[in-house]
Amino acid sequence: MSGFRKFQNQAKGQEVAENERNPLHCYANGCPMFGSTSLGGGRFMCMAHAWATSDDWGRITHQLNESQWLIDLIADRNRCKSDTEWVSLATKFWTDYDDELIPTESERTRKGNCMTRMHYELLHRIGVKQKRMQPIEPKQIKARSVAGFARA
Ligand SMILES: [Zn+2]
């Protein structure tokens with residue numbers, strides 16, 4: 001069975017032999033993520049495994065599987081009708097769970113920034129990123145004098 005056909009069957013809920021590996025998944029054994037990054041033309045890996053050393057892959061895979069709930073929250077974007085619906089879902093979820101991750105007013109407008117922060121949060125929770133990402137806020141441009149254009 002071709003990789004694409006197997007993927008189609010999985011998407012339709014049809015049974016796929018367990019020993020068959022979904023070619024769209026990250027190359028790291030047991031990783032629940034899709035491969036999205038190929039370094040130097042190698043196999044596709046997820047954002048968590050791609051830059052890690054192979055001796056850390058098992059730990060990362062374990063942590064990703066423990067964080068399936070966050071992966072599901074991120075993937076819920078594909079089940080929502082719009083970015084707005086997904087950000088509302090994320091807002092409700094984080095309101096009950098972790099105030100620091102409630103999307104800011106800016107993230108509710110720029111929903112891609114909210115998605116970026118959720119991906120980063122996943123990397124933080126599995127130990128790939130040491131610090132939690134702060135919300136991406138629009139840059140404040142301060143008025144200043146420029147030669148020849150002095151402020152009144
Ligand atoms: Zn992976």
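## Helices and core of a predicted model

Among the elements of the chain, α1 has the lowest mean pLDDT, at 53, and α2 has the highest, at 97. Over residues 1-5 the pLDDT falls below 50. Beyond near neighbours in sequence, that stretch makes three contacts in the model. This is a predicted model. Its chain averages a pLDDT of 85, and 79% of the residues score at least 70.

**Overall layout**

The chain holds six helices and zero strands. Read from the N terminus, the order of elements is α-α-α-α-α-α. The chain has 152 residues, and buried residues make up 16% of them. Take the contacts between residues at least 6 apart in sequence: 34% of these join residues at least 24 apart.

**The nonpolar core**

The largest nonpolar core has 16 residues. Cys26, Met33, Cys46, Ala48, Leu64, Ala90 and Ile126 touch the most other members. Three elements give two or more residues to this core: α2 (57-66), α4 (83-97) and α6 (111-125). The most comes from α6, which gives four residues. Both domains take part in this core, with at least three residues drawn from each of domain 1 (1-52) and domain 2 (67-136).

**Cys26 and Tyr27**

Cys26 is one of the core residues that touch the most other members. Leaving out residues up to four places away in sequence, Cys26 touches Cys31, Met33, Phe34, Gly35, Phe44, Met45, Cys46 and His49.

Tyr27 sits in the loop between α1 (3-11) and α2. Tyr27 is partly exposed, because 17 other C-beta atoms lie within 10 Å; a buried residue would need 20 or more, and an exposed one 12 or fewer. Leaving out residues up to four places away in sequence, Tyr27 touches Gly35, Arg43, Phe44 and Met45. Tyr27 and Met45 are 18 residues apart along the chain, yet their C-alpha atoms are separated by 5.3 Å.

**Helices α4 and α6**

Here are the two helices side by side.

| Helix | Residues in helix | First to last C-alpha | Expected at 1.5 Å a residue |
|---|---|---|---|
| α4 | 15 residues | 21 Å | 21 Å |
| α6 | 15 residues | 21 Å | 21 Å |

In α4, the reach is close to the expected value. In α6, the reach is also close to the expected value.

Now the packing of α4. Its buried residues are Trp86, Val87 and Ala90. Seen down the axis of α4, these buried residues fall within an arc of 95°, so they line one face of the helix. Thr84, Lys92, Thr95 and Asp96 are exposed on the other side of α4. The buried residues of α4 pack against α3, α5 and α6. Ala90 also appears among the core residues that touch the most other members.

Turn to α6. Asn113, Cys114, Arg117, Met118, Glu121, Leu122 and Leu123 are its buried residues. They pack against α3 (68-75), α4 and α5 (105-109). Just after α6, Gly127 takes a positive phi of about 90°.

**In short**

The predicted chain has six helices and zero strands. Its largest nonpolar core takes four residues from α6 and draws at least three from each of domain 1 and domain 2. On confidence, α2 has the highest mean pLDDT of the elements and α1 the lowest.

Terms used: Residues numbered from 1 in each chain as written. Predicted model: local features only at pLDDT ≥ 70, side-chain atom pairs only at ≥ 80, totals over all residues. Core = buried A, V, L, I, M, F, W, Y, C linked by C-beta atoms within 7 Å. Domains from an automatic or database assignment. Contact = placed C-beta atoms within 7 Å. Expected span 1.5 Å × (residues − 1). Arc of directions from axis to C-beta. pLDDT = per-residue confidence, 0-100.
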